[in-house]
Amino acid sequence: MLAVLDTPYQDARADGLSFALGLPPLDALAVLPVERAGVTVELRLLGASHQVLAGPLSETVACLPGAASPLPGSAATALPGWTYAFTAETAAHDDEAAFGRAVETVCAQLADRGDALTGAFPGSPHAVTAIALEAAAHATAQQSGIGWRTWHAYPQTREIVMTRSRLVRPA
């Protein structure tokens, strides 16, 4: 689902992102609920990036004032009946054309998916935040899970922050 947002995005640089688990639902510009593995997963676009609510988990990657932690390269934790793993990486592009192609590729791959939410912010066609559930979240006979990926594109710095998260429950 494409959401054309009429509010400027509040995070203008990849290094301004922070990471928080357990926050309550924040004001969202667009929300897409999706049922996966018996759990409702809420994909939420914020003016300051994204939030995912899934089962016992609230994951927020956004420009958050105050006590939020900087965006880690990886994180993992155990929740009652679940395990959670997170990774993040930033791709920096040398020129605007390469950056634009990378953003357009992500948008095209997610365009027709009912389990993906892409937010286009005003000011640049490449000011985009996208969230998508993964088709198979590394499920096995002993465990089931939910996985999602995000992309946060920053035209000013030609950076794309990509995250991957997994929430796994033993069967």
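What share of the contacts in the chain with a separation of 6 or more comes from residues 24 or more positions apart? Such residues account for 61% of these contacts. The structure is a predicted model, and its chain averages a pLDDT of 86. Its secondary structure comes to one helix and 13 strands. This briefing covers the chain as a whole, its paired strands, its salt bridges and the residue His152.

**The chain as a whole**

- Read along the sequence, the elements follow the pattern β-β-β-β-β-β-β-β-β-α-β-β-β-β.
- The chain has 171 residues, and 46% of them count as buried.
- The accessible surface comes to about 8000 Å². Carbon and sulfur atoms hold 54% of this surface.

**Confidence along the chain**

- A pLDDT of at least 70 is reached by 86% of the residues.
- Among the elements of the chain, strand 9 (residues 82–92) has the highest mean pLDDT, at 95. The lowest mean value, 62, belongs to strand 1 (residues 2–4).
- Over residues 137–142 the pLDDT falls below 50. In the model, this stretch nevertheless has ten contacts beyond near neighbours in sequence.

**The open sheet and its strands**

- In general, the strands of a sheet pair through backbone hydrogen bonds, in either a parallel or an antiparallel sense.
- In this model, six strands form an open sheet with antiparallel pairing, in the order 3-4-5-6-2-7. Strand 3 and strand 7 (69–70) are the edge strands, and each of them pairs on one side only.
- Strand 3 (residues 30–36) and strand 4 (residues 39–46) are antiparallel and pair over seven bridges. One residue of this pairing can be located through its partner: Val34 has Val41, in strand 4, as its bridge partner.
- Strands 3 and 4 also form a hairpin, with two residues between them. In the turn of this hairpin, Ala37 has a positive phi of about 55 degrees.
- Strand 5 (residues 49–54) and strand 6 (residues 57–62) run antiparallel and are joined by six bridges. Leu53 stands opposite Ser58, which belongs to strand 6.

**Salt bridges**

- Side chains of opposite charge can pair when their charged atoms come close. The structure holds four salt bridges.
- Glu42 pairs with Arg44 in a salt bridge whose closest N and O atoms are 2.7 Å apart. Glu42 is partly exposed, with a relative accessible area of 24%. Arg44 has a relative accessibility of 8% and therefore counts as buried.
- Arg113 forms a salt bridge with Asp115, and here the closest N and O atoms are 2.9 Å apart. At 29% relative accessibility Arg113 is partly exposed, whereas Asp115 is buried at 12%.
- A salt bridge also links Arg164 and Glu134, with 2.7 Å between the closest N and O atoms. Arg164 lies in strand 13 (residues 159–170), while Glu134 lies in the loop between strand 11 (128–133) and strand 12, so the pair ties together parts that are 30 residues apart in sequence. The relative accessibility of Arg164 is 34%, so this residue counts as partly exposed. Glu134 is buried, with a relative accessible area of 11%.
- Arg36, Arg113 and Asp115 are joined into one network by salt bridges that share partners.

**His152 and its surroundings**

- Where in the chain does His152 lie? This residue belongs to strand 12, which spans residues 143–154.
- Is His152 buried or exposed? His152 counts as buried because its relative accessibility is 0%, and the cut-off for a buried residue is under 20%.
- The side chain of His152 makes a polar contact of 3.1 Å with the side chain of Ser49. A polar contact of 3.1 Å also joins the side chains of His152 and Thr150.
- Which residues are in contact with His152, leaving aside its neighbours within four places in sequence? They are Leu17, Ser49, His50, Val61, Val128, Thr129, Glu159, Ile160 and Val161.
- Ser49 thus appears in both descriptions of His152: its side chain makes a polar contact with that of His152, and Ser49 is one of the residues in the contact list.

Notes. Residues numbered from 1 in each chain as written. Predicted model: local features only at pLDDT ≥ 70, side-chain atom pairs only at ≥ 80, totals over all residues. Heavy atoms only, no water. Helix = DSSP H or I, 4+ residues; strand = E, 2+ residues; numbered from the N terminus. Buried < 20%, exposed > 50% of the residue type's maximum accessible area, 1.4 Å probe, protein only. Polar contact = N/O pair within 3.5 Å; in protein donor to acceptor, adjacent residues only side chain to side chain. Contact = heavy atoms within 4.5 Å. Pairing = 2+ DSSP bridges. Salt bridge = Lys/Arg side-chain N within 4 Å of Asp/Glu carboxyl O. Areas by Shrake-Rupley, 256 points an atom, 1.4 Å probe, with all protein chains shown as cover. pLDDT = per-residue confidence, 0-100.
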